[in-house]
Amino acid sequence: MSVRRLAPKELQPASFVFTEENLAWAKKQMEKYPPGRQASAVIPLLWRAQEQHDGWLPQKAMEYVAELLGMARIRVLEVATFYTMFNLEPVGTYLVQVCTTTPCWLRGSEAIVAACKKHIHPHEKTVSADGKFSWMEVECLGACVNAPMLQIGSDFYEDIDGPVTERLIADMRAGKAIKPGPQNSRTSSEPEGGATTLTDAALYDGSVIGKYKVAAPPEAPKPKPPGAAT
């Protein structure tokens, strides 16, 4: 687990409060739990605070959520610093999260990282000069059969490489819509080029139904009489 620290003081806002709409939403979340158990709503409230504050979670937002839920500030800080879904420092309008876990790495995630370094910033977790992008390496994003992949916002982009990553960044920078999902000819998690196993049509047309015979178990060897040669 990497060390996660709050953003420097010069980047921290002086205060934070929910908008009226978000406060009403937060109170509804808190009502889902029995009296005295409102702390159970800490993760959704922190997530909404992050969404309100341009995609990252400042210290004042954590303190505000702690007060709202009647929690000790350190307890909320523990949650926010443990879960990597919470960004503790400013991010770009588009946060590009590159999976570099083993399956993606074996399939070329290094080229995707290189594209991010070239077109966003040489260092991860750093906002690009135009403020539109930041990128970071993350652990498994859960689509290993379509590796390599990355996540932008709430969408996933699979079956990518360096050039495809460069195109995605260029299109977003130009304000063009990009389509999530596999970026090659695949439309599912099927192997590239189509299925290679279980391709016999007889497996699916019903012609083999009833033809399978269960073999009788072999007879157990008869015990030898006492004193018999082994």
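Patches, as I use the word, are made of residues with over 30% relative accessible area and no salt bridge, joining like charges within 9 Å and nonpolar side chains (Val, Leu, Ile, Met, Phe, Trp, Tyr) within 5 Å. A salt bridge here is a side-chain nitrogen of Lys or Arg within 4 Å of a carboxyl oxygen of Asp or Glu.

I'm looking at a predicted model, where local features need pLDDT of at least 70, side-chain atom pairs count only at pLDDT 80 or more, and totals for chains, interfaces and linings use all residues. Residues are numbered from 1 along each chain as its sequence is written, and side-chain values use heavy atoms, leaving out hydrogens and water.

I looked up the surface first. Trp47, Phe82, Tyr83 and Met85 make a nonpolar patch there, with about 390 Å² of accessible area together (Shrake-Rupley method, 1.4 Å probe, only the protein chains shown counting as cover for residues). I found Met85 in the loop between α4 (73-82) and β1 (94-99); helices (H or I, at least four residues) and strands (E, at least two) are DSSP runs numbered from the N terminus.

Next I checked two residues with positive phi. Asp54, not a glycine, has phi of about 55° and sits in the loop between α2 and α3 (59-69). Asp159 also isn't a glycine, and its phi is near 55°; its loop runs between β4 (155-158) and α7 (162-173).

Buried or exposed, I wondered of Asp159? Asp159 is buried, at 8% relative accessible area, whereas Asp54 is exposed at 62% (buried is under 20%, exposed over 50%, partly exposed in between, with a 1.4 Å probe and protein chains only).

Last, I noted a cis peptide bond between Ala147 and Pro148, with omega about -5°.
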